Amino acid sequence: WHPKIKERILVGAMHGGCRVVMVPGLNLEEDDGTQSISIEITKDFTGHKSMAYGADWLHGHNHIEAAASCSFYDRQAFIWDTT
């Protein structure tokens, strides 16, 4: 989950790379198991040559936002813009 925007999620999608998705109306506190949601991919990163396993948000004091992602098999880590 994004540190400030609860509807924004960073996903390490393995062979699909990494994605930033918006899930409008997501309310886990009131979920009774019947909640219908929609997902919109707002950004994707496919720079890894293998499965993308890990991803985390990077955010700074100047409202700069990025993500760091990594892959075990290609032994690479990337920092990329999420906007």
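Mentor: Two rings of Phe, Tyr or Trp count as a pair if their centres lie within 6.5 Å, the six-membered ring being taken for Trp. With that rule in hand, this predicted model holds 4 aromatic pairs.

Trainee: What makes F45 and W80 an aromatic pair that is called stacked?

Mentor: The centres of F45 and W80 are 5.1 Å apart and their planes differ by 5°. Because a pair needs centres within 6.5 Å and a stacked one needs planes under 30 degrees apart, both conditions are met and the name follows. F45 lies in strand β3, residues 40-45, and W80 lies in strand β6, so the pair ties together parts that are 35 residues apart in sequence. Both F45 and W80 are buried, and together with F78 they form one aromatic cluster.

Trainee: Why is the pair of F72 and Y73 called edge-to-face?

Mentor: The ring centres of F72 and Y73 are 5.3 Å apart, and the planes stand at 75°. Planes over 60 degrees apart count as edge-to-face, so the angle of 75° gives this pair its name.

Trainee: How do you know whether F72 and Y73 are buried or exposed?

Mentor: Their relative accessible areas are set against two limits, since buried means under 20% and exposed means over 50%, with partly exposed in between. F72 has 62%, so F72 is exposed, whereas Y73 has 49% and is therefore partly exposed. F72 is found in the loop between β5 and β6, the latter being residues 76-81. F72 and Y73 also belong, with M14 and Y53, to a nonpolar surface patch of about 470 Å².

Trainee: What makes E65 and R8 a salt bridge?

Mentor: The closest N and O atoms of E65 and R8 are 2.4 Å apart. The limit for a side-chain nitrogen of Lys or Arg and a carboxyl oxygen of Asp or Glu is 4 Å, so this distance qualifies the pair as a salt bridge. A search of the whole structure finds 1 salt bridge. The pair links distant parts of the chain, for E65 is in strand β5, residues 65-71, and R8 is in strand β1, residues 8-12, which puts them 57 residues apart. Both E65 and R8 are buried.

Trainee: How do you know that C18 is in no disulfide?

Mentor: The nearest cysteine sulfur to that of C18 belongs to C70 and is 8.1 Å away. A disulfide needs the two sulfur atoms within 2.5 Å, so the distance of 8.1 Å is too far for a bond. In keeping with this, a search of the whole structure finds 0 disulfides.

Trainee: Why is C18 called buried, and why is C70 called partly exposed?

Mentor: C18 has a relative accessible area of 0%, and because buried means under 20%, C18 is buried. C70 has 34% relative accessibility, which falls between the limits of 20% and 50%, so C70 counts as partly exposed.

Trainee: What does the protein chain as a whole consist of, in helices and strands?

Mentor: The protein chain has 0 helices and 6 strands, and from the N terminus on its elements run β-β-β-β-β-β. Of its 83 residues, 28% are buried. The chain exposes about 5,800 Å², with carbon and sulfur atoms supplying 54% of that area. Among contacts between residues at least 6 apart in sequence, 37% join residues at least 24 apart.

Conventions: Residues are numbered from 1 along each chain as its sequence is written. This is a predicted model: local features need pLDDT of at least 70, side-chain atom pairs count only at pLDDT 80 or more; totals for chains, interfaces and linings use all residues. Side-chain values use heavy atoms; hydrogens and water are left out. Helices (H or I, at least four residues) and strands (E, at least two) are DSSP runs, numbered from the N terminus. Buried means under 20% relative accessible area, exposed over 50%, partly exposed in between (1.4 Å probe, protein chains only). Patches are made of residues with over 30% relative accessible area and no salt bridge: like charges are joined within 9 Å, nonpolar side chains (Val, Leu, Ile, Met, Phe, Trp, Tyr) within 5 Å. Accessible areas come from the Shrake-Rupley method with a 1.4 Å probe; for residues, only the protein chains shown count as cover. Contact means heavy atoms within 4.5 Å.
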